[in-house]
Structures are given as C-alpha cells and as structure tokens.
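Work through the exercises below with the sequence and the coordinates open. Each task is followed by a solution in steps.

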Amino acid sequence: MLKKGTKPFFEKSLRNNLKRSLGAYVHKITMLDGRIYIQHKEEYEIQVESILHKTFGIADYHLAYTSILAMEHIQTSITELIEEAGLEETLTFKVESRRANKSFPHTSYDISVLLGSWLQKSHPNWRVNVHHPEITIVVEVREQVYVYLIKNQEKQGAGGLPVGSVGRGILLLSGGIDSPVAGYLMCKRGLNLVAIHFHTPPYTGEESLDKVKALAQGLSGWNSGKIALYIINFTPIQLEVNKLSKGEFTTIVSRIFMMQIASKIQEKEEAKALITGEALAQVASQTLESLQVTDALSDSLILRPCIGMDKNEIIHFAQKIKTFETSIIPATDCCSLFAPKHPSTRPKKEEVRDLISQCHLGALIDEAVDSAEIIILSHTNNLDLIQE
Ligand code: ATP
Ligand code: MG
C-alpha cells in the first residue's frame, strides 16, 4: 500500500523493531525484495511466533522450511512441512511456485505441476483446487528454496505500520474499555505509545492502579514490548475544580486540565499527539459541542480512533486484544466519581474558558507533571507484571 519512495523507511523501521524484540531468539534477520527472513533458534519457535503475531507492519508471515536447489530435496521439505502441520486426510490444495532464481532448471509453472501431481499420488484423498484451496503450498526458489503453507488463504500478520515509524503518541489510559482499544488502534497506525493515567488518591485506590498497569502491560505487547506509564496525582486539581459554582461544567473543565497535563508530557516525551478513547455522543463529555470545546482549549492534536464506533464494536476489539476482562473489573474511576449529576452536554467555549481562568491552576499542573511516577511495563508471555 505504500508509495515506492517511502517504503524503505518503513521497512527499516520494521526491521529495527524486529531486531529489538526478537533479539536473543534469532540467529539472523535479513531483508530482500520487501520480505524479511528470520532465521530463528530452534528452541524459540513459539516465542518468535508470538512476537510476530503482535508486530505491526507485517502483512503476513510463515514458518518456512528450506532446502537446496533440487526437486527431491524440495519434496523432502514439503513432506516435513505437511507432517508438522498435522493436516486432514481429505482436503483441497494447490501448489504456488515462484522462481526468482532463474538458474533453477524448471519454470515456476513446471514446479507447481510436478509437485502437484507428486502430492496427489502420495495423498490420494487430496484434490487440486486452484481458486479456493484449503491449503496452499508455496515454493519460492531463491538462493535456496523456501517452502511454507497457507491455510484457507488467511493472513496471520497484524497489519498496520511499524510501531514508531509515524512518531510517538500519549495515550490517556483510564481503567475503562475504550482507551486501551484507542491505544491499540493508534499503535497499529505506527505510533509508539506512552501512557498517562490520572488517579485521585485517596478517592481512588490501589485496585484502579493495578488495573491500569495490567492494561498498559497488555498493550505493551503491541508496542514493541514495552510501555512507559505516567501515574499523575490529579487530586489537588480535581478538588479545586469541584469548588466551581457551575457544577454542570466540572467534567469538561477537569477533562481540559487533563489535556493540559498530557500536553506537557507530550512535550517532554517529544510526542506528536494525544490519544483518547472517546466515541461520539457516548457520554456528556463526548458530544460534538464538548469535543469542540476540549479541542479549542487544548494545545495538542487529539486523536480519537474510536470516535465512530459503537460500544459493541469497541468491545469486540477489547476482546480481541484481551484487555476486556481487565477493563470490566470493578474499580472507582476519577471521572465517574466526581461527575456532576447533570453534566452539560452543550458547553460554550467562552464560558468554559472563564471557568478555567478562575481556577488559577498553573502551579498545580506543573506540580502534577513534576511529581508523576513513571513505571515501565514489559510484555511477557505469561502476562505477569514486570516492573523496572
Ligand atoms: P474509557 O472506557 O476509556 O474509560 P469512557 O467512554 O468511559 O472511556 P470517559 O471516562 O469520559 O469515557 O473518558 C474519555 C477518555 O478520557 C478515556 O477514553 C480516556 O482516554 C480519557 N480518560 C478518562 N479518565 C481518565 C483517567 N483517569 N486517566 C487517563 N485518561 C482518562
Ligand atoms: Mg471511563
């Protein structure tokens, strides 16, 4: 999908991400013709596979067997491949061949025909189906031969763009369902994430923090393995906001202060945008009017990838990325805890600006940023919390 001129940049970025995350599991990573060949250490096949599955920028990946440039050796590799895959007795298949190495004596068409008829003899219940096969055996003839299997023409890669290739984004991570999904979606579009969570001790407790750490850790698997989580003490600011006479505006005013703090961390982290889990009209602070006022009174570009989604669609993603179970654990959240009974759904910019200037919170905002606790969370396959 990429323009020719920009492709090498993204490829290099992907290769660097793979080098970093696969590190000790592989012997060699090489790149040729828009493909990356990873020669993994045999004992780490499962680890490599689980990392590739979560690496954005990969359209598709396969476990390939290699052989020397001779038909009988290719057949041996295919036999091994088939045995390892544990396939059905009866199925439809095709052989797809590519010959990049023209010194190989057979054309790609001949390779497919020869191997196809050989397979039919050895597997009498297999039928050729070139349009919709259940399995495709791919044979690529290069400096050596690679054979691999595609089941039901399904792609295994996570898609998207390599993490970090587009820049860095600050994810406002609550304990809810939506913000982890927003983080995942922007990570997929190439943003490297840094997360921020606002808590209000003693009104919110350790259980909300544990939830957010678990969510950030879950996301770190998509973020090249690590994520920095800033924990901000929002209590002094929230208590000041609560003193405002116009109670119906406290939610939007708090939200704007959150954005202001997030903007300062954005600057510190050299990030380019903020990311939230807001969806249009889901709650009072997510009406068009509220979003417009938030944008007008914030310094940053705010990305809201869930904006057009129904709750069910967001839940579907949350289940897919396995954050849903954590998100629904009951815990107090500062937004709902301090929410007025009847929040305004149609705030006016001037009115909110006046309220913000009445608060005089410059020093408290700086204090909140300076006293942030930063936790680095790393992804592990057994999902234990690792803190550095
Ligand atoms: P979520 O499910 O992500 O909590 P939501 O639909 O419940 O979203 P709100 O609680 O109004 O909506 O929050 C909207 C967005 O603001 C969240 O998606 C998140 O990005 C950000 N946000 C809200 N509360 C916090 C918090 N305590 N810390 C960090 N970000 C927050
Ligand atoms: Mg919420």
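The model is predicted.

**Exercise 1.** Locate F198 and decide whether F198 is buried or exposed.

Solution. F198 sits in strand 9, residues 191-199. Its relative accessibility is 5%. The cut-off for buried is under 20%, so F198 counts as buried. The unreviewed UniProt entry includes F198 under the annotation "binding site", along with L172, L173, H197, R255, G277 and Q286.

**Exercise 2.** Describe the surroundings of Q286, another position under that annotation.

Solution. Start with the place: Q286 lies in the loop between strand 11 (273-275) and helix 9 (288-296). Next, the accessible area: at a relative value of 8%, Q286 is buried. Last, the contacts: leaving out residues up to four places away in sequence, Q286 touches E278, A279, L280, A281 and L291.

**Exercise 3.** Find which residues of helix 14 are buried, and how they are arranged about the axis.

Solution. Helix 14 spans residues 362-370, and its buried residues are I365, A368 and V369. Viewed down the axis of helix 14, these fall within an arc of 95 degrees, so they line one face. An α-helix has 3.6 residues a turn, so residues three or four places apart point the same way. A363 and D370, on the other side of helix 14, are exposed. The cover over the buried residues includes strand 10 (226-233), helix 7 (235-241) and helix 8 (250-268).

**Exercise 4.** Why does C306 form no disulfide with C187?

Solution. The cysteine sulfur closest to that of C306 belongs to C187. The two sulfurs are 13 Å apart, too far for a bond. A disulfide requires sulfurs within 2.5 Å. The structure holds 0 disulfides. C306 is buried, at 0% relative accessibility.

Definitions and conventions. Residues are numbered from 1 along each chain as its sequence is written. Chains are lettered from A and ligands numbered from 1 in the order in which they are written. This is a predicted model: local features need pLDDT of at least 70, side-chain atom pairs count only at pLDDT 80 or more; totals for chains, interfaces and linings use all residues. Side-chain values use heavy atoms; hydrogens and water are left out. Buried means under 20% relative accessible area, exposed over 50%, partly exposed in between (1.4 Å probe, protein chains only). Helices (H or I, at least four residues) and strands (E, at least two) are DSSP runs, numbered from the N terminus. The arc is that of the directions from the helix axis to the C-beta atoms. Contact means heavy atoms within 4.5 Å. UniProt positions are given in the numbering used here, feature names are shortened, and annotations may be inferred rather than shown by experiment.
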